[in-house]
Amino acid sequence: MATSEERLKNKIIEVMDDCGLEEDSPETSKEKFAEKLAKAVIFEIKNMTITATAPNGTVTIISIT
């Protein structure tokens, strides 16, 4: 799966909407927002395709952890 700006944008909107419903604790809302946003960004990073050229040919990155 390739990285998707649209998918990430939609996930950010979803996280913001979800946190906007928080009524009890602004601190909890902030923590929830940061956690969900971090997970969405990491998901996109782990699903990106990277192609690099080296003197001896193409380099394939096997995993991003």
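## Salt bridges, hairpin and surface of a predicted model

Glu 35 forms a salt bridge with Lys 39, and their closest N and O atoms are 3.3 Å apart. A salt bridge here is a side-chain nitrogen of Lys or Arg within 4 Å of a carboxyl oxygen of Asp or Glu. The model is predicted: local features need pLDDT of at least 70 and side-chain atom pairs count only at pLDDT 80 or more, while totals for chains, interfaces and linings use all residues. Residues are numbered from 1 along each chain as its sequence is written, and side-chain values use heavy atoms, with hydrogens and water left out.

### Overall form

The protein contains 2 helices and 2 strands, and its elements run α-α-β-β from the N terminus on. The radius of gyration is 17 Å, well over the 11 Å that the globule rule gives for 65 residues, so the protein is more spread out than a compact globule. This radius is taken over C-alpha atoms, and the globule rule is 2.2 Å times the number of residues to the power 0.38. Along the principal axes, the C-alpha atoms fill a box of roughly 60 × 20 × 15 Å. Helices (H or I, at least four residues) and strands (E, at least two) are DSSP runs, numbered from the N terminus.

Buried residues make up 9% of the 65 residues; buried means under 20% relative accessible area, exposed over 50%, and partly exposed in between (1.4 Å probe, protein chains only). Of the contacts with a separation of 6 or more, 41% are between residues 24 or more positions apart, a contact being heavy atoms within 4.5 Å.

### Salt bridges in the helices

The count of salt bridges comes to 6, and three of these pairs are set out below.

| Pair | Closest N and O atoms | Helix and spacing |
|---|---|---|
| Glu 6 and Lys 9 | 3.4 Å | H1, 3 residues |
| Lys 30 and Glu 27 | 3.5 Å | H2, 3 residues |
| Glu 35 and Lys 39 | 3.3 Å | H2, 4 residues |

Glu 35 and Lys 39 are separated by about one helical turn, because they are 4 residues apart in helix H2. Glu 35 is partly exposed at 47% relative accessibility, whereas Lys 39 is exposed at 53%. Lys 30 is exposed, with a relative accessible area of 51%, and its partner Glu 27 is partly exposed at 44%. In the other helix, Glu 6 is partly exposed at 45%, and Lys 9 is partly exposed at 42%.

Lys 11 lies in helix H1 (residues 5-20) and is partly exposed at 34% relative accessibility. The C-alpha atoms of Lys 11 and Lys 39 are separated by 9.8 Å, although these residues are 28 apart along the chain.

### Hairpin and surface

Strand E1 (residues 51-54) and strand E2 (residues 57-60) run antiparallel and are joined by 4 bridges; two strands pair if DSSP finds at least two bridges between them. They form a hairpin with 2 residues between them. Among the bridge partners, Ala 52 is matched with Val 59, and Ala 54 with Gly 57.

Val 59 also belongs to a nonpolar surface patch with Val 41, Ile 45, Met 48, Ile 50 and Ile 61, which together have about 420 Å² of accessible area. Patches are made of residues with over 30% relative accessible area and no salt bridge: like charges are joined within 9 Å, nonpolar side chains (Val, Leu, Ile, Met, Phe, Trp, Tyr) within 5 Å. Ile 45 sits in helix H2 (residues 26-46) and is partly exposed at 35% relative accessibility. The accessible surface of the protein comes to about 5300 Å², of which 58% belongs to carbon and sulfur atoms. Accessible areas come from the Shrake-Rupley method with a 1.4 Å probe; for residues, only the protein chains shown count as cover.
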